[in-house]
Amino acid sequence: MLNSILFFPESSRSGMKVLLTGAQGQLGRCLTESVPADTELVETDIAELDLADSKLLLSGLGSIEPELIINTAAYTAVDRAEADVDAATQVNETAVGIIAEYCRSAGCKLIQVSTDYVFDGEKSSPHKPDDPTGPLCVYGRTKLGGEKAALGGCDSSWVIRSSWTYSEYGQNFVKTMLRLATEHEQIEVVSDQTGSPTYARNLADAIWKLAEIKPAARILHCSDAGKVSWHDFAGAIFAEASGLGLINRSPTLIPVSSNDYNAAAIRPAYSVLDNELTNDLLGIEQTYWLDALRALLARL
Ligand SMILES: NC(=O)c1ccc[n+]([C@@H]2O[C@H](COP(=O)([O-])OP(=O)(O)OC[C@H]3O[C@@H](n4cnc5c(N)ncnc54)[C@H](OP(=O)(O)O)[C@@H]3O)[C@@H](O)[C@H]2O)c1
């Protein structure tokens with residue numbers, strides 16, 4: 001059953017009919033919470049619109065007839081994707097091609113959400129949207145495939161890349177650290193990967209701004225400001241959460257290298273995104289990552 005939220009009476013509706021995929025995910029839920037007042041939002045997740053089923057996907061899109069599709073749905077299990085290439089490719093790449101083709105034929109706009117993991121992490125300064133890509137893992141490769149499918153399949157499509165997202169919903173690094181803090185006295189966290197943690201609410205706000213315009217630049221970067229390693233991000237989570245009484249004690253943090261941690265998927269060592277273009281185009285004032293973290297913890 002599709003869940004349609006209509007904020008205006010139909011007779012006075014002036015806004016768009018928007019199809020949201022991945023509505024139960026953390027970004028999807030933040031988008032649902034911040035939907036503009038004159039927007040008709042059709043929320044779908046895997047039960048209503050399974051991106052792994054190409055036929056049903058196409059007929060589902062045709063029955064909804066949106067003016068804008070915000071595609072947040074993705075195969076996001078980064079390590080699992082290494083052994084599940086076909087499924088990750090279907091959802092992150094093939095389905096995006098089908099969505100883009102639908103958008104082209106129906107005159108619908110597409111916003112495709114993507115990731116910092118399309119970069120190889122060799123740079124030591126923030127990545128601009130047109131920097132060369134070079135994903136190191138299956139997830140990054142399939143998400144890059146999805147970007148190309150979106151941009152190549154339809155002229156009215158935009159890619160918005162974010163990084164290290166977290167929120168009060170679903171599974172993410174912040175919630176995992178808070179749970180581990182109650183279970184362990186010592187926690188090993190990777191210290192040689194640097195990025196910009198991003199509160200999904202801030203990304204959602206940017207996406208709703210992008211929904212209103214059709215900028216010439218078709219790849220945008222959107223993260224919170226500043227940079228930090230996973231290890232230092234964990235330290236900040238424990239310090240702030242202790243201060244708020246969310247955890248009783250801060251566990252001892254042990255820095256480990258990516259090599260020693262030995263995750264199935266290789267991540268970029270440095271994946272900070274340059275948001276300058278997005279800030280200009282969308283009129284955004286980025287939130288510093290620590291302030292955004294505090295905002296999230298205050299809500300928990
Ligand atoms: N999380 C990050 O750090 C991060 C960073 C940069 C960019 N992104 C991108 O941001 C977007 C949103 O990520 P997120 O963190 O909100 O991820 P998420 O919480 O995992 O949400 C993704 C949603 O898509 C759903 N989904 C999975 N397979 C599907 C399918 N076959 N058909 C329809 N829906 C399906 C998931 O359902 P299940 O939960 O049942 O699988 C989930 O509800 C993704 O495109 C991701 O690549 C994420």
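**The ligand shell, its helix and the core**

Helix α1 supplies three residues to the shell around the ligand, the largest share of any contribution. The model is a predicted one, and the description below starts from this shell before turning to the core, two individual residues and the chain as a whole.

The shell holds 27 residues, of which Gly 22, Gly 25, Leu 27, Ala 73 and Ala 74 come nearest to the ligand. Two elements, α1 (26-33) and β5 (109-115), give two or more residues each to this shell. Sorted by class, the residues around the ligand are 13 polar, 11 nonpolar and three charged.

Where does α1 lie with respect to the rest of the structure? Six of its eight residues are buried, so the helix is largely enclosed by the rest of the structure. These buried residues are Gln 26, Leu 27, Gly 28, Arg 29, Cys 30 and Leu 31; Leu 27 is also one of the residues that come nearest to the ligand. The cover over the buried residues of α1 includes the strands β2 (17-21), β4 (68-71), β5 and β7 (165-166), together with helix α6 (200-212). Strand β5 thus appears both in this cover and among the elements that give residues to the ligand shell.

The largest nonpolar core comprises 72 residues, and the members that touch the most others are Ile 99, Leu 110, Ile 111, Ile 160, Ile 207 and Leu 210. Helix α3 (residues 85-106) provides eight residues, the largest share of this core. Leu 210 illustrates how the core is joined: beyond four places in sequence, this residue touches Ile 111, Trp 158, Ile 160, Leu 220 and Leu 282. Of these partners, Ile 111 and Ile 160 are themselves listed with Leu 210 among the members touching the most others.

Strand β7, part of the cover over α1, contains Tyr 166. Tyr 166 has 25 other C-beta atoms within 10 Å; since 20 or more suffice for a residue to count as buried, Tyr 166 is buried. Its contacts beyond four places in sequence are with Asn 172, Phe 173, Val 174, Pro 197, Tyr 199, Ala 200 and Leu 296. Tyr 199 lies 33 residues from Tyr 166 along the chain, yet their C-alpha atoms are separated by 5.2 Å.

A loop residue offers a second case. Val 118 belongs to the loop between β5 and α4 (138-153). Is Val 118 buried or exposed? With 27 other C-beta atoms within 10 Å, Val 118 is buried. Beyond four places in sequence, Val 118 touches Thr 133, Pro 135, Gly 140, Lys 143, Leu 144, Glu 147 and Arg 161. Between Val 118 and Pro 132, which are 14 residues apart in sequence, the C-alpha to C-alpha distance is 9.1 Å.

For the chain as a whole, the secondary structure amounts to 10 helices and 13 strands. The radius of gyration is 19 Å, close to the 19 Å that the globule rule gives for 300 residues, so the chain is as compact as a globular protein of that length. Along the principal axes, the C-alpha atoms fill a box of roughly 55 × 40 × 35 Å. Buried residues account for 44% of the 300 residues. Of the contacts between residues at least 6 apart in sequence, 81% join residues at least 24 apart.

Confidence in the prediction varies along the chain. The mean pLDDT is 95, and 95% of the residues reach 70 or more. Over residues 5-13, however, pLDDT stays under 50, and the model has 10 contacts beyond four places in sequence for that segment.

Notes: Residues numbered from 1 in each chain as written. Predicted model: local features only at pLDDT ≥ 70, side-chain atom pairs only at ≥ 80, totals over all residues. Near = placed C-beta within 6 Å. Helix = DSSP H or I, 4+ residues; strand = E, 2+ residues; numbered from the N terminus. Nonpolar A, V, L, I, M, F, W, Y, C, P; charged D, E, K, R; others polar. Core = buried A, V, L, I, M, F, W, Y, C linked by C-beta atoms within 7 Å. Buried ≥ 20, exposed ≤ 12 C-beta atoms within 10 Å, placed from the backbone. Contact = placed C-beta atoms within 7 Å. pLDDT = per-residue confidence, 0-100. Rg over C-alpha atoms; globule rule 2.2 N^0.38 Å.
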